[in-house]
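User: Hey, I've got a model open and I'm a bit lost. Can you walk me through it?
Analyst: Sure, pull it up and ask away.

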Amino acid sequence: MSRPVQFNITPKPTDHKGHISMVGMPEGHMGEGFFATKLSEVVGLARKNSIWPLPFATSCCGIEFMATAAAHYDLGRFGSERMAFTPRQCDLMMVMGTISKKMGPVVKQVYLQMAEPRWVMAVGACASSGGIFDTYSVLQGIDQVVPVDVYVPGCPPRPEAILDGLMRIQDLVGQESLRRRNSEHYQKLLDSYGIQ
Amino acid sequence: MSLTNEQIQNRLIEKFGEQVYAFSEPYGMLTFEAPKDLNLKVLQFLFDDETLRFRFLTDLQAVHYPTDKGRELAVVYHLHNLVDNVRIRFKVFTDINTPDVFTATQLYATANWMERETYDFFGVNFVGHPNLKRILNVDEMDYFPMRKEFPLEDQTRIDKDDEMFGRGGSIN
């Protein structure tokens, strides 16, 4: 006896009221037929809801990230479902896992290949501080080679924690001044890492 | 009749006499030593001899014994006779100030990788190795991390309380 097929035969009534979340409007002045706000608000709004992550996954945190990107936790809800493994198109480098000292230059190379503006998230104890691997062969935190914006604690962090980290990144991206990347302060930061 | 440890030992003593010594059988595996200048001769004999036929180098590594003056570094060869399925362990000891041991790459091609690794971690200088440079650690590393005078922990880390985390222990 064949299994009765129930899907896609009887049309379901659509029920999307209250189920589609929209991004709130930025602060501004509104009147009849116009809306005025700051350019940086609009740019930030667009950027923060379409972050393209570059997963740099080396160990167990990478497995948690796969769960984060899959259907149950769904990174796509934050507009970040477009993962890419080419750094040149990406905005956010997510370093997940132990980075050995020999891998350090590779992380830096990937960071250098990303175009500005770029953000970095260190996921898990190893990427943030070396974690339990307090040993001669492991880099004691990726902030020794690249500047890091958000650290996610955990060993490994739950997918909720990674999502929280992504939301913190979104806050940073949304509020960033358009001049920040040209500022002296930012240049000094890059110089301290020996970048350009 | 398969090859027994006794037969191997007798064959070696027959050939090298007093030059092979310290025979023991920890967990049934024949283990012996030779002077480091003779390591290639012994390995070649173990390889060529028609009854011994140890033609597979399973593993090669070093051990550091910091208190054993004059013979601090042991280079250990693990050999396998694939025909009779017998394994033996062969050690040579060297002074840490002149850690020169002849390379086994001419005899076993697999020694190439393992000798580089042993050099990388213990600083054993394998004389005659075609490409003796670091293989697993970063090229910039300026010490041999598995020697016991060097602490295991990363010295660039400053956020840990040494008393709480047991860092910086001594070798004794």
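User: Which residue in S6(A) does A:Met121 stand opposite?
Analyst: A:Met121 stands opposite A:Val150 there. Keep in mind that this is a predicted model.

User: OK, and how many bridges join S5 of chain A to S6(A)?
Analyst: Three bridges do that job. Strand S5 of chain A covers residues 119-123, and S5 and S6(A) run parallel.

User: What's the strand order in that sheet?
Analyst: In chain A, four strands form an open sheet, and the order is S3-S4-S5-S6. The pairing is parallel.

User: Which strands stand at the edges?
Analyst: Those are S3 (53-57) and S6 (150-152) of chain A. Each has a single partner strand, so one side of each has no neighbour in the sheet.

User: How many degrees does the twist average from one strand to the next?
Analyst: The average is 20°.

User: Which helices pack on the sheet?
Analyst: H3 of chain A, residues 104-113, is one of them, and H3 touches S3, S4 (92-96) and S5 of chain A. The direction of H3 makes about 165° with that of S4(A). Helix H5 of chain A, residues 159-175, packs on the sheet too, touching S4, S5 and S6 of chain A. For H5, the direction makes about 160° with that of S5(A).

User: Switching to chain B. How many helices and strands does it have?
Analyst: Chain B has four helices and seven strands. Starting from the N terminus, the elements go α-β-β-α-β-β-β-β-α-β-α.

User: What percentage of chain B is buried?
Analyst: Of the 172 residues in chain B, 26% are buried.

User: Which residues of H2 in chain B are buried?
Analyst: H2 of chain B spans residues 39-48, and its buried residues are B:Asn39, B:Val42, B:Leu43 and B:Leu46.

User: Why do they line one face of the helix?
Analyst: Look down the axis of H2(B): the buried residues fall within an arc of 95°, so they line one face. As background, an α-helix has 3.6 residues a turn, so residues three or four places apart point the same way.

User: What do those buried residues pack against?
Analyst: They pack against helix H1 (5-16) of chain B, plus strands S2 (30-34), S4 (73-81), S5 (86-94) and S6 (100-102) of that chain.

User: Last one: how many residues of chain B are in contact with chain A?
Analyst: Nine residues of chain B are in contact with nine residues of chain A. On the chain B side, three are nonpolar, two polar and four charged.

Technical notes
Residues are numbered from 1 along each chain as its sequence is written. Chains are lettered from A and ligands numbered from 1 in the order in which they are written. This is a predicted model: local features need pLDDT of at least 70, side-chain atom pairs count only at pLDDT 80 or more; totals for chains, interfaces and linings use all residues. Two residues are in contact if their C-beta atoms, placed from the backbone, lie within 7 Å. Ala, Val, Leu, Ile, Met, Phe, Trp, Tyr, Cys and Pro count as nonpolar, Asp, Glu, Lys and Arg as charged, and the others, Gly among them, as polar. Two strands pair if DSSP finds at least two bridges between them. Helices (H or I, at least four residues) and strands (E, at least two) are DSSP runs, numbered from the N terminus. Axes are lines fitted to C-alpha atoms, for helices over the stretch in contact, and angles run from 0 to 180 degrees between N-to-C directions. A residue is buried if 20 or more other C-beta atoms lie within 10 Å of its own, exposed if 12 or fewer, and partly exposed in between; C-beta atoms are placed from the backbone. The arc is that of the directions from the helix axis to the C-beta atoms.
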